[in-house]
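Me: Could you take a close look at one salt bridge in this structure for me, and then walk me through the side-chain pairings elsewhere? I work at the bench, so plain language is welcome.

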Amino acid sequence: MKIRIYLLLPVFLSLQARSQDLSAIGDQKPFAVSGSLDIRTIGYSAHGIDPRRSPFSYIISGSPVFSFYGLTVPVSFSFSEQDRSFSQPFNQYGLSPTWKWITLHGGYRNVSFSPYTLAGHTLLGGGFELKPGKFRAGFMTGRLNRSTAIDTLSGYVRPESFNRYGTAGRLGYESKGSFVNLSFIAAKDTEKGFKGNLDSANVSPESNLVLGADFKYTVVKGLYIYGDGAVSIYTKNIRSDLEINIDSTQKALLKLSRYLKINGTSEYSLAYSGGLGYTHKYFALKAGYKLVEPNFRSMGAYFFQNDLQNITISPSFNALKGRLRFSGSIGIQEDNRKGLKLASTKRVISMANVSWDLSDQLGIDANFTNFTANSEPTVAMVENRYLLAQTNRNLSVTPRLILPGTDMTHVVILSYNASSLKDLNEDTVNENDIFSSVAFLNYSLTLNQAGLNLNTGLNYANNKLSIGNTGSYGASLGAGMGFLKNKLSVNTHNSWTRSDMAENAKGTILNFSLSTSYMPLKGHRVALRVSYMSNAVSREDQDTNKYNELTGELGYTFSF
């Protein structure tokens with residue numbers, strides 16, 4: 001049989017984001033190489049269904065890391081017989097050398113100045129951060145996004161965008177846990193380098209200016225106040241000839257137009273948060289407020305959840321010499337802050353975590369969350385069935401028993417999780433109620449001297465839906481042991497699951513697996529894994545549909 005072979009060599013290059021301390025460069029090795037090489041072959045067969053993969057496959061992969069005076073360059077590659085292709089390898093280089101209180105950034109960097117200005121957005125360019133004594137300063141400039149256009153040759157369609165460049169900065173002061181920072185980012189799109197047709201492009205060049213500030217101040221020991229905020233001026237089309245409307249919402253923009261290049265597509269929005277907190281040895285309490293206006297955006301951040309107002313209170317404490325620990329929060333979240341939506345939604349958000357060590361061996365962990373949402377119409381003609389009104393609750397309880405010993409160790413874990421979605425809307429209550437429960441019991445026995453581990457478990461799941469109930473239950477059994485001073489290890493894991501599905505269908509799934517690995521020499525590892533899966537589905541008055549799959553894998557790993 002003639003086999004056609006394809007090769008794939010995607011290479012990913014990037015310098016690590018951490019900075020290199022130049023003051024210690026004399027202690028670094030001039031050149032070093034580390035990493036691993038992995039070779040695997042996989043055999044597969046199936047009966048009762050069409051094969052879901054090739055009967056034979058292989059993959060050769062590696063991840064060498066080159067080091068130059070402490071500056072690391074990780075590289076990865078892979079070869080496979082599968083028919084794959086790629087259009088552009090991901091190549092990113094960057095470095096951040098540090099000398100005393102000076103850090104320089106060059107290449108691709110992810111720097112954060114504040115949550116609302118430059119917040120970890122990848123930037124190709126350069127800059128610096130200075131930390132002389134209690135003062136802080138930072139500056140970054142470069143490209144935020146690269147231009148893209150529709151590829152007319154391959155037919156590959158992706159969102160069009162312009163090259164986007166930005167400049168960000170920060171000034172701050174920090175002392176004894178208190179600090180204050182001022183930051184900004186100014187960014188805009190440029191038509192230079194855009195390969196698409198500007199006349200028919202689906203996007204317009206945009207610009208953005210964000211001014212931000214954040215602070216934390218310790219009033220007395222344990223008591224502090226904090227806050228951060230920003231104002232964003234976003235222009236959706238810098239080429240637009242539209243003039244700014246003279247109304248109550250645009251008066252501020254009209255004043256700013258004397259100093260900034262903005263037009264009728266510009267809008268400004270605010271985002272801020274703050275609160276008060278107290279921390280003690282045995283307890284803590286924090287109260288916070290957050291507001292993000294609709295359409296608040298920053299070109300220095302990838303995502304914002306906007307149009308919301310949060311009020312939260314978060315207590316926590318520990319007691320009984322640290323054996324009992326509690327943390328939680330409760331709050332109210334609202335949207336539609338400017339009344340532009342057809343309905344406003346209010347949510348009650350609460351959560352609680354409790355961990356109690358009853359003894360050195362016995363403990364229990366519990367978690368509870370509650371999310372309640374109610375929509376109120378802001379216009380007259382909104383049908384009740386389209387208004388959101390629901391409660392989502394989740395409760396989990398996990399007792400644990402650990403009995404360590406010289407010869408053997410016993411571990412027993414019981415877990416129960418219940419979650420419910422309760423529809424409070426009278427028009428849809430019979431359609432959307434859901435209740436799910438999941439439970440499992442696991443037991444593990446370790447013979448410490450022999451290096452033998454035995455584990456078994458039971459599991460149960462049930463979902464109550466408006467269309468009917470579905471559920472499953474099953475058991476598992478596994479074992480593992482090391483030989484020859486753990487150079488040779490053998491493991492097996494097996495499970496049986498019975499499922500009750502919709503339309504009176506029942507399913508049975510069997511899984512068996514056996515794996516072994518051997519390390520003849522340091523850095524060399526040979527592994528073999530064989531797994532078998534059988535799936536049978538039966539329905540009333542119908543023949544049972546059954547299929548099985550067998551997979552074998554042989555691998556070799558060299559670590560250097």
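Reply: Happy to. Let's start with Asp-360 and Arg-323, whose side chains meet in a salt bridge at 2.9 Å, N to O. This pair links distant parts of the chain, 37 residues apart. Asp-360 sits in the loop between β21 (343–357) and β22 (362–377), while Arg-323 is in the loop between β19 (308–319) and β20 (324–334). Asp-360 is exposed, with a relative accessible area of 65%, whereas Arg-323 is partly exposed at 31%.

Please keep in mind that this is a predicted model. The average pLDDT of the chain is 84, and 83% of the residues score at least 70. Two stretches deserve caution. Residues 1–18 stay under 50 in pLDDT, and the model gives them 55 contacts beyond four places in sequence. Residues 377–388 are also below 50, with 26 contacts beyond near neighbours in sequence. Where pLDDT is low, the predicted coordinates should not be read in detail.

Back to charges. Side chains of opposite charge can pair when their charged atoms come close, and this structure holds 16 salt bridges. One of them joins Arg-52 to Glu-549, with the closest N and O atoms 2.5 Å apart. Arg-52 belongs to the loop between β4 (36–47) and β5 (56–62) and Glu-549 to strand β31 (residues 545–559), so this salt bridge ties together parts 497 residues apart in sequence. The two partners differ in their surroundings: Arg-52 is exposed, with a relative accessible area of 56%, but Glu-549 is buried at 9%.

Asp-189 and Arg-164 form another salt bridge, their closest N and O atoms being 2.7 Å apart. Here strand β14 (residues 178–190) supplies Asp-189 and strand β13 (residues 163–175) supplies Arg-164, and the two residues are 25 apart in the chain. Both Asp-189 and Arg-164 are buried. Salt bridges also connect Asp-38, Arg-40, Arg-529 and Glu-553 into a network.

What about polar contacts? Ser-96 makes a nice example, lying in the loop between β8 (94–95) and β9 (97–99). Its relative accessible area is 2%, which means that Ser-96 counts as buried. The side chain of Ser-96 has a polar contact of 2.7 Å with the side chain of His-105, and another of 2.9 Å with that of Arg-109.

Now for the rings: the structure holds 12 aromatic pairs. In one of them, Tyr-116 and Phe-304 have ring centres 5.8 Å apart and planes at 20 degrees, so the pair is stacked. Tyr-116 is in the loop between β10 (102–112) and β11 (119–130), and Phe-304 in the loop between β18 (283–292) and β19, so the stack ties together parts 188 residues apart in sequence. Both Tyr-116 and Phe-304 are buried. A tilted pair is formed by Tyr-278 and Phe-283, with 5.9 Å from centre to centre and 40 degrees between the planes. Tyr-278 is partly exposed at 29% relative accessible area, and Phe-283 is partly exposed at 40%. Tyr-116 and Phe-304 also belong to one aromatic cluster with Phe-296.

Finally, charges and rings come together in two places you can look up in the model. Lys-216 lies over the face of Tyr-224, at 4.7 Å from the ring centre. Arg-297 has its charged end over the ring of Tyr-234, 3.9 Å from the centre.

Notes: Residues numbered from 1 in each chain as written. Predicted model: local features only at pLDDT ≥ 70, side-chain atom pairs only at ≥ 80, totals over all residues. Heavy atoms only, no water. Salt bridge = Lys/Arg side-chain N within 4 Å of Asp/Glu carboxyl O. Helix = DSSP H or I, 4+ residues; strand = E, 2+ residues; numbered from the N terminus. Buried < 20%, exposed > 50% of the residue type's maximum accessible area, 1.4 Å probe, protein only. pLDDT = per-residue confidence, 0-100. Contact = heavy atoms within 4.5 Å. Polar contact = N/O pair within 3.5 Å; in protein donor to acceptor, adjacent residues only side chain to side chain. Phe/Tyr/Trp six-rings, centres within 6.5 Å; stacked < 30°, edge-to-face > 60°. Lys NZ or Arg CZ within 6 Å of the ring centre and 35° of its normal.
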